[in-house]
Amino acid sequence: MTIFRDLTLGIATLAGALACGAFVLGLSTVQGFVRDSLEHRTRAEAALLAEQLGALPDPAAAARVMQASFDAHGYRWAQLHDAQGQLVFRASRPAAQAPLPGWFERLVPVGATPVFQPVPSGPLAQGRLGLAPGELLARQALWQAARSLALLAALVMLAAVLLALAARMLLARTLSRIGDQVQDWSAQDNATLAERLPPELAGLGAAFEALRARAGARLAQQTRTIETLQEELALDPVTRLPNRKRFVAALQLALRAGAGARGHVLMFRQRDLAFINRRMPRRHTDQWLRGVAERVQAQLQRPGQENVLARLNGSDFGVLLPGMEPAQALRLAEVLRSELRGSRIELDDSGQLCRWALALTAYEPGEEPARVLARLDHGLMQSENAEPETIAAAKARPPRGESGEYAWKDVLLTALDQHRFSLALTRQLRQDGSLLCHRAMLSLHDPVTGQQLPAQSFIPPAIRLGLAADCDMQAMRLALDWLRGHDGELSALLSLASLGQAQFLPRLRELLQASPQEAGRLLLEIDAHGLIDHYADVRALCEIARATGVRVGLRRLTRQFGAMAHMHHLPLSYVRLDDDFVQGLQDSPGSQHLAASVAHTANSLGIAVYAMDPGIPFLRDWLAPLHVVLLQEVAVPADPAGAALG
């Protein structure tokens with residue numbers, strides 16, 4: 001519409017300017033012609049009248065002739081002077097008013113000038129005759145001419161408008177024809193547009209063809225680029241494995257495959273990737289991850305199986321095992337676990353290797369991918385809290401549905417805000433039935449299910465979410481509150497992750513210093529591998545323990561014998577031997593040698609050694625010379641008064 005509007009306005013404006021210019025020019029020409037004609041006629045009449053006056057005998061006759069001429073020709077004024085300048089005759093009449101608009105007379109005056117003529121002979125020789133022509137008829141003629149010119153200008157404008165409309169229709173028709181031809185041409189790959197358009201537009205057709213060729217080449221290039229980018233977006237840039245988005249899409253497709261769509265999903269996590277990135281150059285870490293992915297992928301490439309290995313994020317990998325039976329999935333998971341253990345690298349100069357966590361779950365038709373992944377995430381947190389490279393069976397649902405860390409975060413923050421924690425107590429009894437101490441485990445009250453969740457359920461996600469220190473502070477407050485109302489000693493577990501948080505140890509020191517009597521009966525129990533991985537934090541804890549009277553013990557020492565090299569540097573109170581290690585002593589001479597080494601080292605340092613009573617007479621007799629205190633654990637019934645949430 002812009003082209004048509006501009007065309008119409010352009011033609012109309014040009015025609016209007018031409019019409020106005022022609023009108024003004026024509027009116028000016030007519031005005032000059034009328035004025036010149038009036039002056040010329042008046043000059044001729046003055047010459048003729050002067051000849052007549054020269055033939056008269058006296059001035060009186062001249063006056064009569066002048067009066068007759070004035071009356072006959074409608075002069076505006078007439079006068080006659082003799083040779084001495086004396087007035088012989090003078091007559092005038094008011095200007096005649098023509099029925100014309102006043103603005104026209106002001107804008108377009110006739111402007112005729114008076115004519116003066118000398119008398120050639122007779123008594124009035126050398127006299128002077130003057131005539132001023134009348135303009136009434138001239139103004140009327142000029143007005144008629146102006147009206148004719150205005151009519152002509154209007155006709156020109158009308159013709160211009162009609163011409164503009166005709167040009168607009170012609171242009172619209174031409175453009176429509178061009179558009180139809182271009183559409184027909186674009187629908188045919190091998191057509192030539194230049195042959196379809198009129199000869200005058202052959203150049204335009206050639207330009208369209210060239211533009212189409214360039215656009216087609218660019219579109220093809222962009223299509224290839226988009227396909228490449230889409231492929232890149234679906235792959236992990238380091239391992240070239242499918243990323244999380246592609247893995248979730250494959251899982252969702254497997255879950256929608258039909259009523260018989262069952263299978264398993266395995267997820268494994270590199271627990272020490274952040275430390276590896278700090279210790280190794282990034283390119284070496286990437287190369288190692290690619291090697292791990294290749295080793296795992298090689299185990300998954302089996303005939304008849306469409307397994308999918310993907311990298312879900314920096315440290316998490318997922319394996320989709322569609323249609324695989326539980327036993328087969330577990331065997332494959334064990335194979336992958338062996339591959340992952342074989343791919344471990346050293347974290348430091350002590351020879352400690354990086355750790356993996358694995359979780360396996362089965363999926364059913366119609367499940368949501370988010371629920372399956374949430375179960376796996378929960379299973380990984382359980383695996384992190386167990387032995388390294390232990391495959392956790394992700395069956396139990398996390399609290400508050402199956403949304404993984406997000407649900408745990410909501411539960412833990414609510415529990416911390418509302419103090420929904422309590423202690424689950426057990427008695428540690430010697431063989432003679434005497435009480436050694438009470439042992440406390442933090443539990444969380446879930447208001448939705450009404451159950452007490454043990455620490456093994458929520459401490460792993462609390463560590464992942466950075467809330468372990470807050471949970472341990474709750475345990476310390478509850479332990480001190482219990483000691484205020486009971487006799488004896490109380491052993492409480494402490495997470496190593498809490499020691500690494502900046503404000504935990506100062507807060508713990510203030511809490512213990514505020515209750516010195518209770519702190520003297522409190523034992524803090526930590527994992528033995530903390531002496532290897534978090535030695536500085538454990539040493540700081542022991543400094544606080546020495547200052548406040550708290551004692552520190554080690555558990556799971558048989559899972560990290562390297563901690564024995566640091567035992568003589570720390571004021572430890574006791575160490576615990578794992579139950580499964582003690583149960584296996586009867587059939588393992590090597591384990592017996594290790595147990596004896598632990599006992600001799602601890603006895604030489606004045607550190608007590610505890611172990612649960614294996615119930616086997618041979619082991620009791622074998623452990624007695626090593627001064628290993630055998631214990632029995634008895635659960636303490638929940639006290640309604642003491643079960644109130646801390």
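Helices are DSSP runs of H or I with at least four residues, strands are runs of E with at least two, and both are numbered from the N terminus. This is a predicted model, in which local features need pLDDT of at least 70, side-chain atom pairs count only at pLDDT 80 or more, and totals for chains, interfaces and linings use all residues. Residues are numbered from 1 along each chain as its sequence is written, and side-chain values use heavy atoms, with hydrogens and water left out.

**Start: the whole chain**

Show the full chain. It holds 22 helices and 18 strands. Of its 646 residues, 42% are buried, meaning under 20% relative accessible area (over 50% is exposed, in between is partly exposed; 1.4 Å probe, protein chains only). Take the contacts between residues at least 6 apart in sequence: 68% of them join residues at least 24 apart. Contact here means heavy atoms within 4.5 Å.

**Stop 1: the end of α13**

Select 455–464, which is helix α13. Color Ala455, Phe458, Ile459, Pro460, Pro461 and Ala462; these are buried. Now step to Gly466, just after α13. Its phi is positive, about 75°.

**Stop 2: α14 against α16**

Select α14 (468–485) and α16 (504–513). The two pack at about 10°, with axes 11 Å apart. Axes are lines fitted to C-alpha atoms, for helices over the stretch in contact, and angles run from 0 to 180 degrees between N-to-C directions. The pair α14 and α16 is therefore roughly parallel. Angles under 35 degrees count as roughly parallel, over 145 as roughly antiparallel, 65 to 115 as roughly perpendicular, and the rest as oblique.

Show side chains at the contact. From α14 come Ala469, Asp470, Asp472, Met473, Met476, Arg477 and Leu480. They meet Phe504, Arg507, Leu508, Leu511 and Leu512 of α16. By class, the contact of α14 with α16 has 8 nonpolar, no polar and 4 charged residues. Nonpolar covers Ala, Val, Leu, Ile, Met, Phe, Trp, Tyr, Cys and Pro; charged covers Asp, Glu, Lys and Arg; the others, Gly among them, are polar.

**Stop 3: the buried side of α16**

Stay on α16. Phe504, Leu505, Leu508, Leu511 and Leu512 are buried there. They lie on the same side of α16, because they cover an arc of only 120° around the axis. The arc is that of the directions from the helix axis to the C-beta atoms. Add the partners: the buried residues of α16 pack against α14, α15 (496–499), α17 (516–519), β14 (522–527) and α19.

**Stop 4: α16 against α19**

Now select α19, residues 535–548. The axes of α16 and α19 come within 10 Å and cross at roughly 15°. That makes α16 roughly parallel to α19. The crossing is right-handed: the near helix is turned clockwise from the far one by less than a right angle, where anticlockwise would be left-handed.

On α16, pick Leu505, Leu508, Arg509, Leu512 and Gln513. On α19, pick Asp537, Ala540, Leu541, Ile544, Ala547 and Thr548, which they meet. The contact of α16 with α19 has 7 nonpolar, 2 polar and 2 charged residues.

**Stop 5: the loop between β15 and β16**

Select Arg556. This residue sits in the loop between β15 (551–555) and β16 (572–576). Its phi is near 60°, a positive value in a residue other than glycine. Arg556 is partly exposed, at 22% relative accessible area.

Move to Gln560, in the loop between β15 and β16. Which residues does Gln560 touch, not counting those up to four places away in sequence? They are Ala528, His529 and Ile532. The C-alpha atoms of Gln560 and His529 are 5.5 Å apart, with their positions 31 residues apart along the chain.

**Stop 6: α9 against α10**

Select α9 (282–300) and α10 (326–342). Their axes come within 10 Å and cross at roughly 155°. The helices α9 and α10 are therefore roughly antiparallel. Val292, Arg295, Val296, Gln299 and Leu300 of α9 make the contact with Leu332, Val335, Leu336, Glu339, Leu340 and Gly342 of α10. These residues divide into 7 nonpolar, 2 polar and 2 charged.

**Last stop: His419**

Select His419, in the loop between α12 (405–418) and β10 (421–429). Its phi is near 55°, positive in a residue other than glycine. Is His419 buried or partly exposed? His419 is partly exposed, with a relative accessible area of 38%.
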